[in-house]
Every structure is written in structure tokens, then in C-alpha cells.
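User: I have a model open and want to learn how to read its features. Can we go through them one by one?

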Amino acid sequence: MQPHLCLLGDANSPHTRRWATEMRARGWRVSLVTARPEPLDGVEQRILPPVRRQADWLLRAGAARRHVHELAPDIVHAHYLTSYGYLAARCGRHPLAMTAWGSDLLVTPHRSPWMRWLTGWILRRADLVTGDSASLVEAARQYRPRAPVHEIHWGVDRARFAPVPWGDKDGLQIVSLRAWEPNYHIGTLIDACALLRQRLPGAPLTLHLLGGGSLEPALRARVQEQGLAQCVVFHGRLDDAGMAAVLARCKISVSVPESDATSVAMLESMACGLAVVASDLAANRQWIAPDLLVPAGDAHALAGVLQQLAEDDARMRGIGTRNAERIALDGDRKAQMDQVDRLYRQLLK
């Protein structure tokens, strides 16, 4: 009989969807309790009332508990500690796994003593905790959870995200896969590209913006102000195939958030053999060389690194090759999800 895994998370998140799909492929029956539904093949969904503000999570505990009780899974796994993690902790069902996503440990608990206390309370109810970077694992351990904490990142589907011949890439095409939200500093990237065009006026520069988000009107206005309308392509949200098609055309990927754990967007860019420029965060230092890290929000520093790369195609290509090799060694999604499957089955013993 199939073991039953109940996830608590956003059904409209690609990370939750990939996790569910990977676990189904490993023989699990998967259900999902979510406040943000989106159909997912083969996964029974139980839908919570919408959440419009952080305090709404406190009001969803009863509904989440009823759904989990009715589903009666073998394992409950909550994704994002300070929302679904809280709901899972209130359900009182074990074994209980929890995955921190980044801001839920690196940002939210520091907003108030109450949130810090609540985060510790949530973590101490877990039987297994995972985070996708060493910095996130260390942050979790500071709360002294009773459960083991494992570093497991989302990994890359290397069948979809793989290098293409460097010679097939035209001009200087730069991509960002990050959401158009304040944390990700897309405006900083636009400003850096404006500076880059001033410094290298003849360079055939194109900036591809994927991801979508609430700042779209402001970012479109910024592109106009900087005179970059002919250089910037707003793609919005694309599926994996669409993302891979854009990555195949690009030489550089930029990921410069204020706060982050290990970014799947960054790993996918590396897998495709791009040079990656990232913000100087603990999680990024695990993957990116120091000379390619910049302070978040610093357009001049970012433009400087982009210019160095643009002026040395052989260096760009070499960085991209090493990035793809690193993902083949350490970043394969199958290996990461196989480890999760083993941890789940240990919990059931």
C-alpha cells in the first residue's frame, strides 16, 4: 500500500508542485492542504479560506486540522515555517516534517520578539527540519529544535536545464529569473544595465526579465526613464520549457535579492552554463565566486561586474562551464529528492 504524504503549502508555487511531483514518482500518495490552490495532476487538494494578511494564518488552524485529520496521512510536511508550518504544528499530527524557505527564518522572526518566539515554538514541534542552504540550517539550529536539521536544496532538473553551445548565443543577453517584488532588486538590475550601456555603447545588450510580480508598472516606467525600451524584454512567468529557451540565448544570469536561501533560479542558470552574478549573501557564497558577488541594491557595483564579464567573453564562457559542472556534481534534483524519500521512510520506521 502506498504511504500517504500530506503537504501543506502553496499549490501555485513551482517549488511545492515539483516536490509533490517528485514524491509521487517515488511511490507516495500525495495530498495538499493549501490556501492558494491551483490544479495539480494526481494530488488531492483541500482548500483553506484565502489568506490576505499575515494574521489570517492564525485563523486557519482549525480548518487545517480538520483537513489533515480527515486525510489521515502517514507523514505531514509543511513548506514555509511562519505560515503552513504554524498550521502543521497546530494540527498535532506526527511524523511532522518542515521546510524553511528563506525569509521565514532569515527575515520574519526578526520583526518582533513575538514572531521569534512563535518561530521557535513551530520548529520544536517538528520531527524533521530541512533548509536549502548552510545559512538556513544554522538559523534553524539556533532555535534548538528537537528534530535533526538537514541541508536539502530544491535541485535542478538537468534533463530540462542543460548547456547549449556558447557559439549559438548572440550578443550580450542577460537574464533575471527573479520575481518583480521589492526583495529582488530588479530596479537595481535595470539601472545597472543603463550604466553598462553608457560604458559600452556599441554592445548589443538585451535584458530578459522573467518572473512577474507586483512591481511590473514601476519597472516598466523605470525602463522608459532609462531609455532601455529597445533593450528590455518583459517575459513574466514562464514554465520550465519557456525558461530554458530564454536561458539558452543568454550568457549572464543576475540574482541580487536582499535576502535569500539557495535560489533555484540561480542553480538553473548555472546548470545551463551561464555566468551568474549574485548578491553577497551567505547562501550565494556556497555557489558563486567572491568576484561575482555584489552588495544588494548597488547598481554601480553590479554594472562594474557586468562590464568586466562583457569585455571578456572567454572568461564568461569558462565561468559558465564550471557552473554547469558544479551543478552536475552537487545540484541534481533527483539526488536531493532521493534523500528526502529516504528521510521520510526513516520517519515511518
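Analyst: What follows is a short tour of domains, their interface, a sheet, salt bridges and backbone exceptions. Keep in mind that this is a predicted model.

User: Into which domains is the protein divided?
Analyst: There is domain 1, covering 4–154 + 333–348, and domain 2, covering 166–331. Their C-alpha centres lie 30 Å apart.

User: How do I put a number on the interface?
Analyst: The size of an interface is often given as the accessible area lost when the parts come together. Here the area buried between domain 1 and domain 2 is about 1100 Å². Carbon and sulfur atoms give 46% of that area.

User: How many residues of each domain are in contact?
Analyst: Domain 1 brings 18 residues, and domain 2 brings 15.

User: How many residue pairs are in polar contact across the interface of domain 1 and domain 2?
Analyst: The rule finds 7 such pairs, both residues being at pLDDT 80 or more. On the side of domain 1 that touches domain 2, the elements giving two or more residues are α1 (14–25), α4 (103–106), α6 (134–141) and α14 (333–348). Helix α6 gives the most, with 3 residues. By class, that side of domain 1 has 6 nonpolar, 8 polar and 4 charged residues.

User: What about salt bridges?
Analyst: Side chains of opposite charge can pair when their charged atoms come close. The structure holds 23 salt bridges. Across the interface of domain 1 and domain 2, the rule finds 3.

User: Which residue forms a salt bridge with D240?
Analyst: The partner of D240 is R18. Their closest N and O atoms are 2.7 Å apart. Now take another pair: E38 forms a salt bridge with R17, with closest N and O atoms 3.6 Å apart. This pair links distant parts of the chain, 21 residues apart. E38 sits in the loop between β2 (29–34) and β3 (44–47), while R17 is in helix α1.

User: Now the sheet. In what order do the 6 strands run?
Analyst: Read the open sheet as β10-β9-β8-β11-β12-β13, with parallel pairing. Its edge strands are β10 (232–236) and β13 (293–294), each pairing on one side only.

User: Over how many bridges do β11 and β12 pair?
Analyst: Strand β11 (residues 252–255) and strand β12 (residues 275–279) pair over 4 bridges, in the parallel sense. To find the register, look at V254, which stands opposite V277 in β12.

User: Which backbone exceptions should I look for?
Analyst: Most residues other than glycine have a negative phi, and most peptide bonds are trans. Two places here merit a look. A cis peptide bond joins H94 and P95, with omega about 0°. P95 is found in the loop between α3 (81–91) and β5 (96–99).

User: And the second place: where is R144 found?
Analyst: R144 is in the loop between α6 and β7 (149–151). Its phi is positive, about 55°, although R144 is not a glycine.

Definitions and conventions:
Residues are numbered from 1 along each chain as its sequence is written. This is a predicted model: local features need pLDDT of at least 70, side-chain atom pairs count only at pLDDT 80 or more; totals for chains, interfaces and linings use all residues. Side-chain values use heavy atoms; hydrogens and water are left out. Domain bounds come from an automatic or database domain assignment. Contact means heavy atoms within 4.5 Å. Buried area is the accessible area (1.4 Å probe) that two parts lose on being put together, summed over both. A salt bridge is a side-chain nitrogen of Lys or Arg within 4 Å of a carboxyl oxygen of Asp or Glu. A polar contact is a pair of N or O atoms within 3.5 Å; within protein, one must be able to donate a hydrogen and the other to accept it, and residues adjacent in sequence count only if both atoms are side-chain atoms. Ala, Val, Leu, Ile, Met, Phe, Trp, Tyr, Cys and Pro count as nonpolar, Asp, Glu, Lys and Arg as charged, and the others, Gly among them, as polar. Two strands pair if DSSP finds at least two bridges between them.
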